[in-house]
Amino acid sequence: MIVRFLMRALLPVLALAFPGLVRGPATLQAQAARMAPGRQATVAIVPDNVRYDPSVPTPRSVLGHDVGEVITPPEEIVRYMRVLAEAVPHKTHLLEYGRTWEGRPLVMLVIGSPARMARREELQKGLARLADPRGLGREEEEALIRALPVVTALVHSVHGNEISPAAASMATAYYLLAASGESEVDKILSESIVLIDPIQNPDGRARFVAQHLLAAAAHPDPDPAAAERDEPWPGGRSNHYLFDLNRDWFALTQPESQGRIRALLAWNPQVVVDLHEMGGNSHFYFPPSAEPGNPFVTPAQRELFQVFGRANAALFDAMGWPYFTREVFDSFYPGYGASWPTTQGALGKTFEQGSSRGLVFRRTDGTLLTYAQSILHNFHVSLRTALTAAENRERLLRAFVEFRRSAVAEGERGVRAYVLASERDPALAHRLAGVLAANGIQVERALEGFVAGGRRFPAGSFVVPLDQPAGRLVRNLLDPEVPMDSAFVRRQRERRDQRLLDEIYDITAWNLAFLWNVEAVPTPQPVRVRSVLVSPFETGIQSPGRPELPQATVGWLVPWGSAAAGFAAQALDAGYPLHAAGAGFTLEGRSFGPGTILLRRGQLDAEAQRSLAELAARWGVELIPVQSGFVDRGISLGSNQVRPLPEGRVLLVWDSPAQSLSAGWARWVLERRYGKQVTVVRANSLGRADLSRFRVMVLPSGNYSSVFRGETLDRIRRWIQDGGTLITLAEATRWAAQEEVGLLSTRAELRAGSGRPRPTGAPDLAGQPINYLEAIVPPQESPDPLPGAILRVVLDTTHVLAAGAGREVGAMVEGSRIFTPLTLDRGVNVGVYATLDRLVMSGLVWEEARPQRASKAYLMRQGLGNGKIIAFAEDPNFRGYAEGTQLLFMNAVLLGPAF
């Protein structure tokens, strides 16, 4: 059937879309025959009826197999790109833009005509000039538009188990370089630069390939349940730290994202295509995207999305390939591979191909989807997109520069700037400024104090002007609310009333200032102050020369905050003795809060003092010398409330049933963000682990009922009673609160009004009118699920678990978890959601759902014997960029065991 279909459909569509690809029916018939299921070894993705330059190496000549014959490992894909760059240096430039956590190279192959590539650096400067049109005259702009190429970036397989896009990248690169004399290739190369990122997530792909090969049958097995596509935990989707890299484009927590953004900002592309895969029973998706769209997309961008969508549709229609648009995949969240480029003025697109997750997959309708077919679709739609960009070169360049210019103009109205400030934790404000700068946003660090918006700000505050080319991205990341389309919200309300799942693809709020617990103060006038630009990923200012501790008699104090937490984590791992204050005090007129670190001089020799001074400089923490321990008020430095921090190790439960994202976020926060050593132990192996070697155990979100029961659960309970600290996150807290587990005295609530039995003896209302929506409500149901909103958490500032966080913090809340606060005889509610009138900071929360969440528990501490359970209602490490609640998590890890 596939053979007959391709014989009928492939020839006319290729003749229509790419005239040079088609020479005659005999060659086409041979190619179609080779695509039949069961003939994987002889598949040819690129047409074999085209004259190719023999000096350009084919994939088979380099890898020993054709594209689509096997699932090529990431190392081989990168090797092929290197070989192409070496073989065709006049048309290519290979950029290694980074390395993964596992040390794999991240590369981008730049392709253009010899004339374009000979002027590569000049082109980049011209494109940068268009990207910042401030002061750009119309005459110069027109000259640049006439001379510059349009830049199309094709980025592949951000999820490691989405296998066909990365394979298609090899076919695309080969065809663009080897198909000499083909008119569409000449058009693409003469009018554009094509950036090919062949594999965004090589660590995830390596994991998928290894698991697939381990379970592969002697012959490709199409059964959906076959082991070769049934990935064990955590699967190949995520990177080494189990992050979803398609949510990391603005947060830039991972090296893959950081390097890719640097590479894209160096070229300022006008078209960015992020090629994905979806479930095998689906066909192909391309934009226009589903609702809701991001409100900062311009009309010109929407028109161009239609141009590209219609061109792709013509290709698929003529080919007979099913596809869909405007469904499922939205562009509201600005951290996708499609939406982040769009906020910068490009056309960002998601392409989604149904996945075979192997060499062949049987769909529910009985048809077979082959790996080769998936690659073929990606190959042709990539070429069609690059050709459409080339055909619309000037229009795309004009739309790009106009987007950037109009962003500047919009920033000259209304709010003129945001000032980032945090007197409580200046390290967080500085870190946020560095991340914004890494996004291509202009951020300035004030060299002197200034007044803005009726407030005085000290030197070192950060100014983010809105009258800049990246102003729309600034508004996406710092505006208190990014509004959803009102008609879309009304439709979701109707679905809620009928207890249908909402159509919201991702979270509805992501304000970085709220999540970082940093003030972003809007100012109605531009800020004029002597300043310097912040560099990408700048995190602090270190003094030149070798640091030394200031002279002190008693020791040194370190006020608690995010930098102090990193300092303490690494100092403890190095074996240095640290003490922490369990309550506040005032010394020599200066106030110090709970969590303040005390380094006692008498416990530190000269070498230890030098090492700690260097560590403090790396983290940018302030070491305050103490000449006398006689405090003005509060606890004394010799009080029993100033306790040694234990050096005990941290155990992180790993593997199923832990949710992989939560486990990865926790591990990254511990190991990479704060430098704390951690031992990961698989959940099924916990029963044989020597728990006495650990002081802290972290349970990522998950239901552990299937693995922690009987003797294993009793061992955990005894370990806590003997002095251990158990930290539970999100669904793990729900598990710990179950009656049969009995570790927490809270309870997970049902929806307000739910759980009440139906009245008995009620009169028969048959034939009488009813309230339909009330009649269909289940007798027991979970609370309204939140699709990712930021809620205000009020903290007990006297408690050490809230150290450094201030009175309030914004917390990302997802799902339907609501926990009843602990009673006074059971424990302490260190953090509770704010009262109803102040509950929601940002995002979509139905009015009816708010009362039940108000004043409920977010962070709980309950004693058990000599130990304790510290429980979070939500995951404080959300996506690695919820810095405010991440500090609360580190408080639990570092300070929790001591108090």
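A cavity, in the sense used on this tour, is a set of grid points where a 1.4 Å probe fits but cannot get out. By this rule the predicted model holds seven cavities of 30 Å³ or more, and two of them make good stops before we turn to strands and helices.

**The largest cavity**

Begin by selecting Leu264, Leu265, Asn268, Pro269, Val272, Trp340, Pro341, Gln344, Ala346, Phe400 and Arg404, the residues that line the largest cavity. The space they surround comes to about 110 Å³. If you then colour by element, you will find that helix H11 (255–267), helix H13 (339–343) and helix H15 (393–410) are the elements that each give two or more residues to this lining. Colouring by residue class instead shows eight nonpolar, two polar and one charged residues around the largest cavity.

**The second largest cavity**

Next, move to the second largest cavity, which has a volume of about 60 Å³, and select its lining: Leu572, Pro646, Gly648, Val650, Lys676, Arg695, Val696, Val893, Leu894 and Pro897. Here the elements that supply two or more lining residues are strand E27 (694–699) and helix H27 (883–894). By class, the lining of the second largest cavity is made up of seven nonpolar, one polar and two charged residues.

**A five-stranded sheet**

Leave the cavities now and display the open sheet of five strands, whose order is E22-E17-E21-E18-E24 and whose pairing is antiparallel. At its edges stand strand E22 (624–626) and strand E24 (642–644), and because each has a single partner strand, one side of each is left without a neighbour in the sheet. Looking across this sheet, you will see neighbouring strands turned against each other by 30° on average, direction ignored.

Within the sheet, zoom in on strand E17 (residues 555–558) and strand E21 (residues 597–600), which pair in the antiparallel sense over four bridges. Which residue of E21 is the bridge partner of Val558? Selecting Val558 and following the pairing across to E21 brings you to Ile597.

**A pair of crossing helices**

For the last stop, select helix H6 (residues 120–131) together with helix H7 (residues 138–147), whose axes come within 10 Å and cross at roughly 135°. Angles over 145 degrees would count as roughly antiparallel, and those from 65 to 115 as roughly perpendicular; H6 and H7 are therefore oblique to each other. As you rotate the view to look through one helix onto the other, note that the crossing of H6 and H7 is left-handed.

Key:
Residues numbered from 1 in each chain as written. Predicted model: local features only at pLDDT ≥ 70, side-chain atom pairs only at ≥ 80, totals over all residues. Heavy atoms only, no water. Pairing = 2+ DSSP bridges. Axes fitted to C-alpha atoms, helices over the stretch in contact; angles between N-to-C directions. 1 Å grid on protein atoms, 1.4 Å probe; cavity = no way out; pocket = protein on both sides within 12 Å on 5 of 7 lines; lining within 4 Å. Points joined across faces, edges and corners; volume = space filled by probe spheres on them. Nonpolar A, V, L, I, M, F, W, Y, C, P; charged D, E, K, R; others polar. Parallel < 35°, antiparallel > 145°, perpendicular 65-115°, else oblique. Left-handed = near helix turned anticlockwise from the far one by under 90°.
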